[in-house]
Amino acid sequence: MNTMTSLLGGLAAVIVLYLAGGAIRNLPPILRALLAGLIPLLAYFVLIVGRWPGLDVVAMHISVFLAAGLVLFAVTQFRRHSVGRMHWAPKLLTAFFLGLIVINGSLLYIAGKGLPEPLAGWWLGSKGNAVYSGFSGVVAHDQAAAKAVSSELSQTRRESELGWQVEVSGLDGNAPVRAVQVRIKDRTGLPVDRIEGELRLLRPGATQAALTVPLGALDAGTYGGVLRLPASGRWLVEVRLLREHKLHYRNTQELVAP
């Protein structure tokens, strides 16, 4: 589900539920505001079951829905106790929360998909090349990170000694479904057989794969599979090649799904 769609749709639902709650007699305004914020929030929780978007996205929905209900309550109270035109204070409060929603939604969009390409090229300077401005994750700076760097260097050395020539095709483009092929040759140019290959799909900064696609043998030294991107945004695809259950090759490529 698109984050902006769920945010704006949920915000509209909060407003509709709050207005509808006014038709219920003897319903306290504060309870009316809480119900208007909680019902769309519970519906959102149901929709994301099995499709966890990340704690930051969920936290944004919680704050926006509940804050919208409380702002509506504050505006109602001001209107109930004021005569004539509405005071500037509730107007300023409403404008503040609307601006906060727009800014947070924009930052979340940029973090996942990056700036729109024309704006990114103008702001960051493209020089005719593609510009990627999405958030690429974080890098830990602790003892575990040092071990990971050492392991990565060892893996690189083993790959160099192995001498495999690996060619990956099918990952380029913008299609949500991509047929991926991996061709493997040894130092002499002969195809490498008996390979157990897989594609691991991860979000930048995530440690657990969102999807794993096995690569079946298509021909001598050629393996393939179909990669279906489950959502839009920025992804990392890790190509892993094993032989006799031992990892011999690993490479990561960045993808962008519209």
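Helices (H or I, at least four residues) and strands (E, at least two) are DSSP runs, numbered from the N terminus. The views below show a predicted model, in which local features need pLDDT of at least 70, side-chain atom pairs count only at pLDDT 80 or more, and totals for chains, interfaces and linings use all residues. Residues are numbered from 1 along each chain as its sequence is written, and side-chain values use heavy atoms, with hydrogens and water left out.

**View 1. A nonpolar patch on the surface.** Here you can find Leu17, Ile30, Phe45 and Leu70, among others, with about 910 Å² of accessible area for the whole patch (Shrake-Rupley method, 1.4 Å probe; for residues, only the protein chains shown count as cover). Patch members have over 30% relative accessible area and no salt bridge (a side-chain nitrogen of Lys or Arg within 4 Å of a carboxyl oxygen of Asp or Glu), and nonpolar side chains are joined within 5 Å. H2 gives the largest share, eight residues. Leu38 sits in helix H2.

**View 2. Arg200 in strand E3 (residues 196-202).** Look for the polar contact of 2.6 Å between the side chains of Arg200 and Glu238 (N or O atoms within 3.5 Å, one able to donate a hydrogen and the other to accept it; residues adjacent in sequence count only if both atoms are side-chain atoms).

**View 3. Asn26, in the loop between helix H1 (3-21) and helix H2 (29-47).** Although not a glycine, Asn26 has a positive phi of about 65°.

**View 4. Glu244, in the loop between strand E6 (233-243) and strand E7 (246-257).** Glu244 is not a glycine either, yet has a positive phi of about 55°.

Conventions
Patches are made of residues with over 30% relative accessible area and no salt bridge: like charges are joined within 9 Å, nonpolar side chains (Val, Leu, Ile, Met, Phe, Trp, Tyr) within 5 Å.
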